[in-house]
Amino acid sequence: MAIAINGTDYPLPDDPRVSLLDLLREQAGLTGTKLGCNQGACGACTVIIDGQRVLSCLTLAVQADGRSVTTIEGLGNESTLHPLQQAFITHDGLQCGYCTPGQICSAIAMMDELRRGDPSYVTSDLAAGPDARMREEIRERMSGNLCRCGAHNGIVEAIETQFVGGAA
């Protein structure tokens with residue numbers, strides 16, 4: 001019984017009540033994933049499990065057994081940033097940086113939702129999937145990730161350029 005985190009297997013904790021967030025930060029030493037509200041309201045703890053964005057503060061580590069977890073540390077490194085990480089820098093999609101790891105993980109999985117044609121609340125034609133109102137789609141889909149500094153415009157611009165450009 002193990003969880004693959006950024007390509008490395010980690011054993012499940014002995015206590016089944018341990019959250020995935022606590023496992024990542026305290027046992028795996030991956031502190032990029034942040035503890036925000038610890039109630040699933042802010043998105044700071046967002047990680048990707050098997051391609052889906054997940055709030056790690058509300059996910060038990062045992063729920064990730066046998067699955068692949070990607071954190072911000074698994075997307076790039078200091079010498080080679082993920083294209084979306086670079087876009088956040090280029091478009092001023094961060095200020096204090098606390099929410100940025102969750103924003104980026106959420107955006108990567110969100111772009112896959114858009115590519116699949118998964119509808120959102122603002123999708124006008126559910127049968128056709130998301131339409132050309134890309135900014136509105138991005139804002140709606142990223143609404144679960146809060147930035148208290150107010151960098152939302154830069155975040156949307158960074159995501160939009162990466163989606164339109166075909167990256168991430």
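Modeller: A crossing of two helices is left-handed if the near helix is turned anticlockwise from the far one by less than a right angle, and right-handed if clockwise. Keep that in mind for this predicted model: helix H3 passes helix H4 in a right-handed crossing.

Colleague: Okay, and what makes H3 oblique to H4?

Modeller: Look at the angle. The axes of H3 (residues 100-116) and H4 (residues 134-141) cross at roughly 130 degrees and come within 11 Å. Roughly perpendicular covers 65 to 115 and roughly antiparallel needs over 145, so H3 counts as oblique to H4.

Colleague: Which residues make the contact between H3 and H4?

Modeller: From H3 you get Met110, Glu113 and Leu114, and from H4 there are Met134, Glu137, Ile138 and Arg141. By class, that contact has 4 nonpolar and 3 charged residues, with no polar ones.

Colleague: Now the strands. How do you know that E1 and E2 pair?

Modeller: Pairing takes at least two bridges, and E1 (residues 2-5) and E2 (residues 8-11) have 4, in the antiparallel sense. One of the bridge partners is easy to find: Ile3 goes with Tyr10 in E2. The two strands form a hairpin with 2 residues between them, and Asn6 in the turn has a positive phi of about 55 degrees.

Colleague: Why are E2 and E4 at the edges of the sheet?

Modeller: The open sheet of 5 strands runs E2-E1-E5-E3-E4, with mixed pairing. E2 and E4 (52-55) each have a single partner strand, so one side of each is left without a neighbour in the sheet. For E4, 4 bridges join this strand to E3 (residues 46-49), antiparallel.

Notes: Residues are numbered from 1 along each chain as its sequence is written. This is a predicted model: local features need pLDDT of at least 70, side-chain atom pairs count only at pLDDT 80 or more; totals for chains, interfaces and linings use all residues. Side-chain values use heavy atoms; hydrogens and water are left out. Axes are lines fitted to C-alpha atoms, for helices over the stretch in contact, and angles run from 0 to 180 degrees between N-to-C directions. Angles under 35 degrees count as roughly parallel, over 145 as roughly antiparallel, 65 to 115 as roughly perpendicular and the rest as oblique. Contact means heavy atoms within 4.5 Å. Ala, Val, Leu, Ile, Met, Phe, Trp, Tyr, Cys and Pro count as nonpolar, Asp, Glu, Lys and Arg as charged, and the others, Gly among them, as polar.
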